[in-house]
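Okay, thanks everyone, I'll keep this short. Have a look at the model while I talk.

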Amino acid sequence: MPSLLNEEMVFSHIPPKREDLHKSSAGRLYIVAGCRAFTGAPVLTLHGALHTGCGYVTLASTPQVCQSASYHLLTPTYDCLEENSEGRISAKAAAAILKRAAGYHALVLGCGLGLDEDIRLLVGTLLYEYAGSALIDADGINAMGGCIDIAQGKRERILTPHEGEMGRLLGRPTEWVHQNRLEAATECARKTGAVVVLKGPHTLIVSPEGEALENPSGNSGLAKAGSGDLLSGMIGSLLAQQLPALWAAACGVYLHGAAADLCAQAMSRFCMQPDDLTAFLPAIFLRNGR
C-alpha cells in the first residue's frame, strides 16, 4: 500500500533557504512549453515555478508565446525559438534548446506544446539527448506515443499523466487505468525508469523501484484546465532546487493540493481558478518555517 503524505513529511524534504544563496544556486529551471493555440499553459507553468522557490526560470517557446507570457510576468527570461507554420515549436529548435538548457538544473517539457510531427521529433530528441533532470507533462507525454522506454537510461525523469494519458502510454483503456491506478502507475514507472505522478483524486507518486506515495490534499476545484500546468511548474521548481525526483514530485503534488484546499475555503470550488492557487502558498510555507 502507498504511504500517505502529510505536511511534516513534505517539509522534512524542503530545507530552509540558506543565507548564502544567489539566484543561480537557488535552482535554474528551463521550461519548453506553449504554442499559438495554447498561450496560457506556459504562463501557469511559470507561475508554479516562480512561487515555489526557484531562483532563475526561463521559458523557451515561439516568439508569440514568449511575448504573451512577458505581458503577464516580469521575472522570467525568454528564449524565442523557430516555429513551424502551425505556430508550434519547430523540430529544428532542438539543437538550440539542448545548448541553452545545458546550464540549467532541470527541464520542464510539454505544457501546451500542441501535437504534430515537429513536436514528436522535438520531444524524442530532447528526451534522448538532454542530460539533466526533466519533467514531462501533457503534450510531451502524448508525443511519446508508444515509445514508453524513451526516458530509460538517462538522469532523473518525472512523468505526470492523467488517466487518459497513462492509458495511451501503456496501451490500455482509460477505464482499466481508473480501476487499477496503483498497478498502472507502478507498471509505467518500472517500464520508463521515471518517477510517475498519476494525477486525479488521491494522486499517486511511484518510483521506478516501486516506492509509492499517496496524496491526501486537494479537492474537486482542481478539475479545471490549467491545474496540471501549474503543478508541472511547481514540481519542476523543486527538481531544479535539486530535491530527488520522487520527493520533488511528492512535495509539489502535496503543496498544489494544500493550496487548493485553502483556495476553496476562500473562493469556493466553483469559483477558484488555477492561477488563484499561488496566493495561498505563502501561508503553507510560513506555517512550516520556510
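I'll go through the nonpolar cores and then the aromatic rings. Keep in mind that this is a predicted model.

So, the cores. In general, nonpolar side chains in soluble globular proteins tend to be buried together. Here the largest nonpolar core has 56 residues, and the ones touching the most other members are Leu 29, Ile 31, Ile 158, Ile 205, Leu 255 and Leu 277. Which helix gives the most to this core? That's H11, residues 245-267, with 15 residues. If you zoom in on Ile 158 and skip its neighbours within four places in sequence, its contacts include Ala 134, Val 195, Leu 239 and Ala 249. There's also a second, separate core of 42 residues, with Ile 97, Leu 107, Ile 136 and Trp 176 among them.

Now the rings. Searching the whole structure turns up three aromatic pairs. One of them is Phe 11 with Phe 285, edge-to-face, 5.5 Å centre to centre with 85° between the planes. Phe 11 is in helix H1 and Phe 285 in helix H12, 274 residues apart, and both are buried.

Then there's Tyr 56 and Tyr 104: their ring centres are 6.2 Å apart and the planes sit at 50°, so that pair is tilted. Tyr 56 is in strand E3, while Tyr 104 is in the loop between helix H4 and strand E5. Buried or partly exposed? Tyr 104, at 12% relative accessibility, counts as buried, and Tyr 56, at 21%, as partly exposed, because the buried cut-off is under 20%. Add Tyr 30 and you have one aromatic cluster.

Last thing, charges over rings: the charged end of Arg 28 sits over Tyr 104, 4.4 Å from the ring centre, and Arg 172 lies over the face of Trp 176, at 4.0 Å.

Note on methods: Residues numbered from 1 in each chain as written. Predicted model: local features only at pLDDT ≥ 70, side-chain atom pairs only at ≥ 80, totals over all residues. Heavy atoms only, no water. Core = buried A, V, L, I, M, F, W, Y, C linked by side-chain atoms within 4.5 Å. Buried < 20%, exposed > 50% of the residue type's maximum accessible area, 1.4 Å probe, protein only. Helix = DSSP H or I, 4+ residues; strand = E, 2+ residues; numbered from the N terminus. Contact = heavy atoms within 4.5 Å. Phe/Tyr/Trp six-rings, centres within 6.5 Å; stacked < 30°, edge-to-face > 60°. Lys NZ or Arg CZ within 6 Å of the ring centre and 35° of its normal.
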